[in-house]
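User: I would like a close look at the salt bridges of this model. Please go through them pair by pair and then place them against the rest of the fold.

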Amino acid sequence: PRIFTSYEKVLNDANIDAVELLTPTYLHAEQVIAALDAGKHVSCQKPLCTSVAEADAIIEAAGRAKSKFRLTENYIYYPPIIKAKELLDAGAIGEPSLVRLHGTRVGGVDNITVDRDPGAFTWRRDPQLTPGGLLFDDGVHKYAVAMKWIGDIERVQGMVGKTQDYFLEVPSAIIWKFQGKDCLGIMDFSYHPHMTIRGRYAPVDDFFEIHGSE
């Protein structure tokens with residue numbers, strides 16, 4: 001392996017065919033477009049970028065590029081998510097009418113069983129490095145699952161709470177209508193600073209529900 005200290009040197013290396021971007025979100029648009037224009041295949045970790053304007057610029061660059069672009073989203077490959085999609089497509093619950101995605105965040109981080117760097121949470125609470133907070137950085141996983149299961153979203157509304165912690169927008173509830181379907185989606189986040197949940201990676205409790213006519 002070779003180590004580069006400059007992104008430009010990566011793009012100028014003819015032996016490199018593709019790049020995987022795991023950089024802070026605010027850098028994504030500039031780096032995706034530069035890589036596509038350099039002829040590289042590009043895989044970009046979520047979230048895609050920080051604004052609709054940046055997203056439009058990425059789409060335009062991908063459209064003119066001869067190489068391939070993808071946005072990486074790991075949740076939709078989680079086996080229970082895939083199984084739920086198979087059951088939906090097989091009509092196991094009839095016509096879907098409601099998808100609910102619930103997330104609980106707690107204050108007790110001492111019970112995480114994986115060793116992590118003491119500064120691991122610091123960058124997540126930097127408004128420049130992680131714009132949008134919980135609803136954006138973690139919520140994007142939930143939106144991706146909902147769209148994988150049911151389809152595109154037509155319109156969205158919500159009520160977003162705030163705490164003193166920049167990253168935690170709680171309590172929050174987002175509701176949307178899926179395009180061309182009599183089906184709604186709901187995502188809600190709550191926060192319990194004095195509650196402890198044992199977890200391998202993060203002090204969270206998420207659950208997803210799908211309701212159907214059957």
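Is Glu154 buried or partly exposed, and what is its relative accessibility?

Analyst: Glu154 counts as partly exposed, because its relative accessibility is 39% and the buried class requires under 20%. This is a predicted model, and the values below are computed from it. The side chain of Glu154 forms a salt bridge with that of Arg155, with an N to O distance of 2.9 Å. Arg155 has a relative accessible area of 52% and is therefore exposed, the cut-off for that class being over 50%.

The Glu154 pair is one entry in a longer list: the structure holds 13 salt bridges. Another is formed by Lys85 and Asp89, whose closest N and O atoms are 3.3 Å apart. Both residues belong to helix α4 (residues 79-89), where they are four residues apart, about one turn of the helix. Lys85 is partly exposed at 22% relative accessible area, whereas Asp89 is exposed at 55%.

Arg105 and Asp138 also meet through their side chains, in a salt bridge of 2.5 Å from N to O. Arg105 is in strand β4 (residues 96-108) and Asp138 in the loop between α5 (133-137) and α6 (139-149), so this pair ties together parts 33 residues apart in sequence. Arg105 and Asp138 are both buried. They also belong to a network of salt bridges that links Arg105, Asp138, Lys142 and Asp206.

A buried acidic residue is also found in the loop between α1 (7-12) and β1, where Asp13 is placed. Asp13 counts as buried because its relative accessibility is 12%. A polar atom of the Asp13 side chain lies 2.8 Å from the backbone nitrogen of Asn15. Beyond its neighbours within four places in sequence, Asp13 is in contact with Arg2, Phe4 and Lys40.

The loop that holds Asp13 leads to the sheet. Three strands make up this open sheet, in the order β1-β2-β3 and with parallel pairing. Its edge strands, β1 (18-21) and β3 (69-72), each pair on one side only. On average, neighbouring strands are turned by 15° against each other, direction ignored. Between β2 (residues 41-45) and β3 there are four bridges in the parallel sense, and Gln45 has Thr72 as its bridge partner in β3. Helix α2 (residues 28-37) lies across β1, β2 and β3 and runs at about 165° to β2.

Conventions: Residues are numbered from 1 along each chain as its sequence is written. This is a predicted model: local features need pLDDT of at least 70, side-chain atom pairs count only at pLDDT 80 or more; totals for chains, interfaces and linings use all residues. Side-chain values use heavy atoms; hydrogens and water are left out. Two strands pair if DSSP finds at least two bridges between them. Helices (H or I, at least four residues) and strands (E, at least two) are DSSP runs, numbered from the N terminus. Axes are lines fitted to C-alpha atoms, for helices over the stretch in contact, and angles run from 0 to 180 degrees between N-to-C directions. Contact means heavy atoms within 4.5 Å. Buried means under 20% relative accessible area, exposed over 50%, partly exposed in between (1.4 Å probe, protein chains only). A polar contact is a pair of N or O atoms within 3.5 Å; within protein, one must be able to donate a hydrogen and the other to accept it, and residues adjacent in sequence count only if both atoms are side-chain atoms. A salt bridge is a side-chain nitrogen of Lys or Arg within 4 Å of a carboxyl oxygen of Asp or Glu.
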